[in-house]
Amino acid sequence: MLSQLEEAKAEFAAAGLQVVAVAMGQPKHAAQFCGSLAPSLRCLAHEDAAPYYAYGLSQAGMGELMSLNVMKAGMEAAKQGFVPGQVIGDPRMMPGTFIVDTQGKIVWRYYGKDVSDHPTNAELLRVGASITA
Amino acid sequence: MSKSDQLAVGASAPDFTLLDIEGQSVTLASLWANGPTILTFLRHFG
């Protein structure tokens with residue numbers, strides 16, 4: 001997800017959208033991970049899962065961890081040369097993406113169908129364009 | 001994940017204080033106040 005977002009950094013900036021990535025861990029983990037995959041994005045760390053739960057995200061069930069889509073996504077990432085390092089956080093947490101306006105209202109949200117499911121950049125840009133127009 | 005726990009469009013986004021890569025505290029509200037924000041929750045670092 002991070003490298004995918006990094007690829008569209010110019011388009012997001014042009015659309016007036018800032019991108020913030022959150023994960024569990026410490027600042028040094030955010031610096032290591034984001035520094036290599038997405039140096040232009042703002043990465044923030046939190047020590048526990050409280051923000052996830054507040055946004056309606058929780059741990060995946062077996063079907064969300066072991067689906068065909070998850071295996072395909074893993075193989076695709078490997079083909080692109082992504083080699084998982086030491087995992088900091090909780091790989092069982094479900095991913096989610098939200099677009100928040102300047103008033104702090106959620107204007108769009110995407111809850112992954114499994115742990116590998118993320119919105120596309122095109123989808124994010126389409127929604128973003130509609131709120132910044 | 002229960003769908004009933006999911007946040008609806010139009011709901012207030014929960015604010016949290018997190019740490020940036022320098023270890024400085026950052027509130028989410030201070031970020032979205034500057035402009036529309038894509039907020040993505042990763043499963044993990046690494």
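Colleague: In what order do the elements of chain A run from the N terminus on?
Modeller: They go α-α-β-α-β-α-α-α-β-β-β-α. Keep in mind that this is a predicted model.

Colleague: And how many helices and strands is that for chain A?
Modeller: Seven helices and five strands. With a radius of gyration of 15 Å, close to the 14 Å from the globule rule for 133 residues, chain A is as compact as a globular protein of that length.

Colleague: What does the C-alpha trace of chain A span along its principal axes?
Modeller: About 40 × 30 × 30 Å.

Colleague: What share of the residues in chain A is buried?
Modeller: Buried residues are 34% of the 133 in chain A. As for contacts in chain A between residues at least 6 apart in sequence, 62% of them link residues at least 24 apart.

Colleague: Switching topic: how many residues does each chain bring to the contact?
Modeller: Chain A brings 61 residues and chain B brings 35 residues. On the side of chain A that touches chain B, strand β1 (residues 18–24) gives the most, with seven residues.

Colleague: How does that side of chain A divide into nonpolar, polar and charged?
Modeller: There are 41 nonpolar residues, 16 polar and four charged on the side of chain A that touches chain B.

Colleague: Back to β1(A). Which strand of chain B do bridges join to β1(A), and do the two run parallel or antiparallel?
Modeller: That's strand β3 (residues 37–41) of chain B, joined to β1(A) by five bridges, and the two run parallel. If you want one spot to look at, find A:Ala21, which stands opposite B:Thr40 in β3(B).

Colleague: OK, another one. Where is A:Met62?
Modeller: In helix α5 of chain A, residues 62–65.

Colleague: Is A:Met62 buried or exposed, and why?
Modeller: Exposed, because A:Met62 has 8 other C-beta atoms within 10 Å, and a residue counts as exposed at 12 or fewer.

Colleague: How far apart in space are A:Met62 and A:Gly104?
Modeller: They are 33 Å apart, C-alpha to C-alpha, and 42 residues apart in sequence.

Colleague: Last bit, helix α6 (residues 68–79) of chain A. What should its twelve residues span?
Modeller: At 1.5 Å a residue, 16 Å. The end C-alpha atoms of α6(A) are 17 Å apart, so that agrees.

Colleague: How many of the twelve residues in α6(A) are buried?
Modeller: Zero, so to speak: α6(A) is hardly covered.

Note on methods
Residues are numbered from 1 along each chain as its sequence is written. Chains are lettered from A and ligands numbered from 1 in the order in which they are written. This is a predicted model: local features need pLDDT of at least 70, side-chain atom pairs count only at pLDDT 80 or more; totals for chains, interfaces and linings use all residues. Two residues are in contact if their C-beta atoms, placed from the backbone, lie within 7 Å. Helices (H or I, at least four residues) and strands (E, at least two) are DSSP runs, numbered from the N terminus. Ala, Val, Leu, Ile, Met, Phe, Trp, Tyr, Cys and Pro count as nonpolar, Asp, Glu, Lys and Arg as charged, and the others, Gly among them, as polar. Two strands pair if DSSP finds at least two bridges between them. The radius of gyration is taken over C-alpha atoms; the globule rule is 2.2 Å times the number of residues to the power 0.38. A residue is buried if 20 or more other C-beta atoms lie within 10 Å of its own, exposed if 12 or fewer, and partly exposed in between; C-beta atoms are placed from the backbone. The expected span of a helix is 1.5 Å times one less than its number of residues.
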